[in-house]
2 protein chains.
Amino acid sequence: MREFLLYSRNGVTSPDFNLKDLPGSGGRMDLICRSIISALWLSNDMREDTKIKICLNGPPDPPLSLCFDGSNLKKLSPDERSIAIWLKKCLKYKDLANDSWMETHDGIFISKQDFYGLLDEIRNYGLYLLHREGEDIKEVKIEEDSAFILGDNIGLPNDILERCRERGEKKISVGPKEYFTSQSITLVHNEIDRIEKNSKSKKG
Amino acid sequence: MREFLLYSRNGVTSPDFNLKDLPGSGGRMDLICRSIISALWLSNDMREDTKIKICLNGPPDPPLSLCFDGSNLKKLSPDERSIAIWLKKCLKYKDLANDSWMETHDGIFISKQDFYGLLDEIRNYGLYLLHREGEDIKEVKIEEDSAFILGDNIGLPNDILERCRERGEKKISVGPKEYFTSQSITLVHNEIDRIEKNSKSKKG
């Protein structure tokens, strides 16, 4: 399994954002939508082995976490506006959210968990923090079950970084430039795709 | 220089598409917008060494070609809707377009050229065709000036493939899966970023 955990500093915790202004009124909902697309879609396929969880920390009612599960998504079209409409639909359930995941639509979940909660859920996973000064992902052993932690355009707060350190995260880099969150997700996927292909070739 | 040449089978050649339905009314304008974002943006920077040219072949008046030049773009925000608004602004000049490039806004150009015309412009460039059965990009020598040819969700028509063959293109693959056009652009950029970094390290 592959999981992406995205910490969104300003992503709004209400369905009342404007589809015509995802960056502003949504607190960079555009970035979140593109990250979901990169995490779960291939050209003619869904990535059924992948989940992306987004912890929203913007107004009016943070934190709220959402989960999109590639194994069970239906009817979604992979463009920003369509994904944003599903984010809105899911966020309408925010007042019912509690510490466990509630499936509001096929493959889409909401909970009141904060980012610590998301980290606690994946205790058995290899934990990787995307970081420009991390070790090149090509040089790092990636566990079969792995979770990748990403920030938005602002980055991760210190307490989250500290908690990741306590959990023994491995800092990894996906290349010599600073890439968008969504681009980093594509690069992580590609590297694991290559690892899995090589591993199959060896077995075969 | 890096150039991406995107052949869009159904991308509309009119500004009258609906911003609320980029995939349908725009003929996959969402895919075009994401490709422009992947081609020209980094996290805190523009890719000034990169252009992306899109040949639109949808109704009502094909072909039309657009060019976004990373060295001179201003005021654009890297989300699908914002990019689509600039596509609309540029397409308003379509009746003035001819065989040379007309700059309609800073770093944004339009012309009546077809895809053959775009290929003719880059006679001195290394030419690479993204193809799932191509040679792994990591095994291929990438020229300093290089152009990468991509299709949309439908793919490239046979006459374009034939013309590329005549031009001695190299078929390359970016990984073991079939990726979105925008994801493929990210993967190409990353590979060249790595090559350039290694080349600098050796020189240094």
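This section describes the interface between chains A and B of a predicted model, followed by the aromatic pairs and salt bridges.

In the predicted model, the two chains meet through an interface in which 34 residues of chain B are in contact with 34 residues of chain A. About 3100 Å² is buried between chain B and chain A, and carbon and sulfur atoms account for 57% of this area. Polar interactions also span the boundary: 18 residue pairs are in polar contact between chain B and chain A. On the side of chain B that touches chain A, helix 1 (29–40), strand 2 (41–42), helix 2 (80–91) and helix 5 (181–203) of chain B each contribute at least two residues. Helix 5 of chain B makes the greatest contribution to this side, with seven residues. Divided by class, the side of chain B that touches chain A comprises twelve nonpolar, eight polar and 14 charged residues. Two salt bridges are found across the interface of chain B and chain A. A salt bridge joins the side chains of Asp136(A) and Arg194(B), with an N to O distance of 2.8 Å.

Aromatic pairing was examined next. Six aromatic pairs are present over all chains of the structure. In chain B, the rings of Tyr128(B) and Phe148(B) form a stacked pair, because their centres are 5.2 Å apart and their planes lie at 20°, an angle under the 30 degrees required for stacking. This pair connects distant parts of the chain, since Tyr128(B) belongs to strand 8 (residues 126–136) of chain B and Phe148(B) to strand 9 (residues 146–151) of chain B, 20 residues apart. Both partners are buried: Tyr128(B) has a relative accessible area of 4%, and Phe148(B) has a relative accessible area of 0%. In chain A, one aromatic cluster is formed by Phe4(A), Tyr128(A) and Phe148(A).

Salt bridges were then considered over the whole structure. Side chains of opposite charge can pair when their charged atoms come close. The search yields 38 salt bridges over all chains. In chain B, Asp193(B) and Arg47(B) form a salt bridge in which the closest N and O atoms are 2.9 Å apart. Asp193(B) is located in helix 5 of chain B, whereas Arg47(B) occupies the loop between strand 3 (45–46) and strand 4 (50–56) of chain B, so the pair ties together parts separated by 146 residues in sequence. Asp193(B) is buried, at 3% relative accessibility, and Arg47(B) is likewise buried, with a relative accessible area of 4%.

A further salt bridge of chain B links Glu121(B) with Lys53(B), the closest N and O atoms being separated by 2.7 Å. Here too, distant parts of the chain are linked: Glu121(B) lies in the loop between helix 3 (115–120) and strand 8 of chain B, and Lys53(B) lies in strand 4 of chain B, 68 residues apart. The two residues differ in exposure, as Glu121(B) is partly exposed, with a relative accessible area of 33%, whereas Lys53(B) is buried, with a relative accessible area of 4%.

Arg163(B) and Glu166(B) also form a salt bridge, with their closest N and O atoms 3.7 Å apart. These residues are separated by about one helical turn, because they lie three residues apart in helix 4 (residues 158–166) of chain B. Arg163(B) counts as partly exposed, at 25% relative accessibility, and Glu166(B) counts as exposed, at 56%.

In chain A, a network of salt bridges links Arg2(A), Arg47(A), Asp49(A), Asp193(A) and Glu196(A). Within this network, Arg47(A) is placed in the loop between strand 3 (45–46) and strand 4 (50–56) of chain A. Arg47(A) is buried, with a relative accessibility of 4%, a value under the 20% cut-off. The side chain of Arg47(A) is also in polar contact with the side chain of His189(A), at 3.5 Å. When residues up to four places away in sequence are not counted, the residues touched by Arg47(A) include Arg2(A), Trp41(A), His189(A) and Asp193(A) of chain A. Across the chain boundary, Arg47(A) touches Lys177(B) and Tyr179(B).

Terms used. Residues numbered from 1 in each chain as written. Chains lettered and ligands numbered in written order. Predicted model: local features only at pLDDT ≥ 70, side-chain atom pairs only at ≥ 80, totals over all residues. Heavy atoms only, no water. Contact = heavy atoms within 4.5 Å. Buried area = accessible area lost by both parts, 1.4 Å probe. Salt bridge = Lys/Arg side-chain N within 4 Å of Asp/Glu carboxyl O. Polar contact = N/O pair within 3.5 Å; in protein donor to acceptor, adjacent residues only side chain to side chain. Helix = DSSP H or I, 4+ residues; strand = E, 2+ residues; numbered from the N terminus. Nonpolar A, V, L, I, M, F, W, Y, C, P; charged D, E, K, R; others polar. Phe/Tyr/Trp six-rings, centres within 6.5 Å; stacked < 30°, edge-to-face > 60°. Buried < 20%, exposed > 50% of the residue type's maximum accessible area, 1.4 Å probe, protein only.
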